[in-house]
Amino acid sequence: MKFWIQNEVILSKVSLHLVTPKTKGLYPPGLLYQVASNFSLTDLNFIMDSNFVPSPTLYPILKKDSTFNIIESLSPKYHVFVIPAFKSLSVAIEDDYPSDENSSFEGPSSQEQEEEESHSELPQNKEELKQAFEQKTVTILGEKDPTQTFTNVHRWFEGNNLYYTRWGRSYEPFIIFNKTTTSSPRFRLEATTSSSVREMFALESSLRGHRFVVLGEAYLIQIRESSELEIEDYWKYIDWVGEVEQELRYKYRCPHNKKFCNQAPEDERIEPL
């Protein structure tokens, strides 16, 4: 109750939904993503995991006329917008939430205070982020794997212009999309990790002909590691990804040897930004 009273203004703009899985085990991220999208009050959606922190200027940047006009006009026309993701190497928060389902949760905890203090240590703008990257206190999320490679953040650091990038295998971008367009895919409810939800959403967006636009100033920083899959679960995950990709490629008539299908109507293609 104390937490609610102290944050009443913020929470008045928040829609809370309780999602319970049908079986015990990992929480259902695909279902959570879909519930969040279904009940959002806006057509434009951006879904971020709880172990990430957005740049302090994220919302003002997205609402800036020049940026917002592009997002609003192109999102119904086979475009999604990528926000680059980084990982903090100097700030790491450990979970101290109750692990026992019978334990009670009493609102603000020492972890919350720790997170609030740690956020002030994070880069506050793109210039500070670049300095932190050069000083190796921040790195590209998925630097050693392709999860964010196609965002091409080295190009992103060079300026604030928006640019197109391609989808590639294992790409897990954080994207803004228009949920009302018929071309927007739904989240895979059977996905067992947030990463797999993003990966399959990006894959289906690509197969449907969406173009990926990287935004020039906004960014996210991971402050907590995601839970790693056990080796047995990892191989199950790999098999599942392969099966879903095969299903989607068959659905959209896009064989593996044709990596980019670009099925959006030609009259809805926009010249490079």
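A nonpolar core is a set of buried Ala, Val, Leu, Ile, Met, Phe, Trp, Tyr and Cys residues joined through side-chain atoms within 4.5 Å. Keep that in mind as we look around this predicted model.

The largest nonpolar core here has 40 residues, and the members touching the most others are Phe86, Leu129, Trp156, Phe187, Phe212, Ile221 and Trp240. Several helices and strands chip in with at least two residues each, among them β3, β7, β8 and α10 (231–251). The top contributor is α9, which gives six residues. In soluble globular proteins, nonpolar side chains tend to be buried together.

Now zoom in on Phe187. Which residues is Phe187 in contact with, once neighbours within four places in sequence are set aside? They are Gly30, Tyr33, Gln34, Ser37, Ile47, Phe177, Val197 and Phe201. There's also a second, separate core: it has 17 residues, including Leu62, Ile83, Tyr164 and Phe174.

Next up, the sheet. It's an open one with five strands, in the order β1-β7-β3-β8-β6, and the pairing is mixed. Why do β1 and β6 each have one side without a neighbour in the sheet? Because they stand at the edges, where each has a single partner strand. From one strand to the next, the twist averages 35°.

Here's where the strands sit in the sequence:

| Strand | Residues |
|---|---|
| β1 | 44–46 |
| β3 | 79–83 |
| β6 | 163–165 |
| β7 | 174–178 |
| β8 | 211–214 |

Strands β6 and β8 run antiparallel and are joined by three bridges. Tyr164 stands opposite Val213 in β8, and Tyr164 also belongs to that second core. Finally, helix α5 (residues 65–74) lies across β1, β3 and β7, running at about 140° to β3.

Conventions: Residues numbered from 1 in each chain as written. Predicted model: local features only at pLDDT ≥ 70, side-chain atom pairs only at ≥ 80, totals over all residues. Heavy atoms only, no water. Pairing = 2+ DSSP bridges. Helix = DSSP H or I, 4+ residues; strand = E, 2+ residues; numbered from the N terminus. Axes fitted to C-alpha atoms, helices over the stretch in contact; angles between N-to-C directions. Contact = heavy atoms within 4.5 Å. Buried < 20%, exposed > 50% of the residue type's maximum accessible area, 1.4 Å probe, protein only.
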